[in-house]
Amino acid sequence: LKTYPLAGWRIVVAEIAAVTVLHSITIWSLLTVPLVMFVQDPQLFADSGATVPIIVSVVVGVPAFNALMFTIQNGTALLFPAWVRLGTESRGFETMGQNLLTTGATSLVAAVALVFPVGAGALVLWLANDWGGWSVLAATVLASLIIVAELWPVLGWLGTVFEETDVNEVVSTT
């Protein structure tokens with residue numbers, strides 16, 4: 001990838017966008033179950049409390065959350081390349097401990113990154129609680145926009161890290 005005549009941030013954005021789109025489509029395909037239920041028995045759908053704005057909120061929120069999580073995972077691979085294992089040759093307690101540390105750090109970074117989006121969404125829900133399901137949609141749209149605003153400078157920075165990474169140095173240390 002480093003030989004491509006593209007800026008580093010473009011390659012990083014393309015890597016994250018590709019997996020985000022594929023994962024979002026997979027999750028959206030699971031929404032066919034409630035949609036079929038709605039067509040089959042509209043009363044069941046109304047009784048469950050799931051409304052059209054809430055389903056649209058899932059459709060809107062999933063790509064932003066996926067982009068955040070995949071940015072964190074790709075950022076970890078770029079910043080700590082020696083921790084990335086290719087293949088299945090690594091086993092044992094060391095690998096299990098390394099995976100636990102990585103999972104904990106990823107969860108912590110995601111929690112910190114979600115403070116402002118969740119706070120803004122909660123504020124919208126509190127201010128517009130008489131909108132019904134539409135307040136959930138408004139909160140989700142605002143939270144998604146904040147996530148995108150948070151990711152934009154991070155993606156540029158990760159692109160710089162990608163450009164400055166020397167592949168030979170990484171390969172020789174592992």
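So, helix H7 has a kink of about 25 degrees at Leu-151, shortly before the proline Pro-153. Keep in mind that what's on screen is a predicted model. Does H7 come out at the expected length or not? It does: the end C-alpha atoms are 47 Å apart, and that agrees with the 46 Å that 32 residues should span at 1.5 Å a residue.

Now stay on Leu-151 for a moment. What does Leu-151 touch, once we leave aside neighbours within four places in sequence? Ala-67, Leu-68 and Thr-71. Those numbers take us to helix H4, residues 52-79.

H4 has a bend of its own, about 30 degrees, and that one sits at Gly-61. Again there's a proline around, Pro-63, which follows within four residues. On length, H4 has 28 residues and reaches 41 Å from first C-alpha to last, close to the 40 Å expected.

Okay, the core. The largest nonpolar core has 18 residues, and the ones touching the most other members are Val-12, Leu-68, Leu-78 and Leu-151. So which elements give two or more residues to this core? Helix H1, which is 8-29, then H4, then helix H5 at 93-113, and helix H7 at 133-164. H4 gives the largest share, with seven residues. As background, nonpolar side chains in soluble globular proteins tend to be buried together.

Not everything tucked away here is nonpolar, though. Have a look at Ser-24, over in helix H1. Is Ser-24 buried or exposed? Its relative accessible area is 2%, and the cut-off for buried is under 20%, so Ser-24 counts as buried. Setting aside residues up to four places away in sequence, Ser-24 touches Val-62, Pro-63 and Asn-66. Pro-63 is the proline we just met after the bend in H4. And with Asn-66 there's a side-chain to side-chain polar contact, at 3.1 Å.

Let me zoom out to finish. The chain has eight helices and zero strands, so if you read along the sequence you just get α-α-α-α-α-α-α-α. Of its 174 residues, 27% are buried. The chain exposes about 11400 Å², with carbon and sulfur atoms supplying 73% of that. And how much of the contact list joins residues 24 or more positions apart? Taking contacts with a separation of 6 or more, 78% of them do. The pairing of Leu-151 with Leu-68 that we looked at earlier is one contact to click on yourselves.

Notes
Residues are numbered from 1 along each chain as its sequence is written. This is a predicted model: local features need pLDDT of at least 70, side-chain atom pairs count only at pLDDT 80 or more; totals for chains, interfaces and linings use all residues. Side-chain values use heavy atoms; hydrogens and water are left out. The expected span of a helix is 1.5 Å times one less than its number of residues. The bend at a residue is the angle between axes fitted to the seven residues ending there and the seven starting there. Buried means under 20% relative accessible area, exposed over 50%, partly exposed in between (1.4 Å probe, protein chains only). Contact means heavy atoms within 4.5 Å. Accessible areas come from the Shrake-Rupley method with a 1.4 Å probe; for residues, only the protein chains shown count as cover. A nonpolar core is a set of buried Ala, Val, Leu, Ile, Met, Phe, Trp, Tyr and Cys residues joined through side-chain atoms within 4.5 Å. A polar contact is a pair of N or O atoms within 3.5 Å; within protein, one must be able to donate a hydrogen and the other to accept it, and residues adjacent in sequence count only if both atoms are side-chain atoms.
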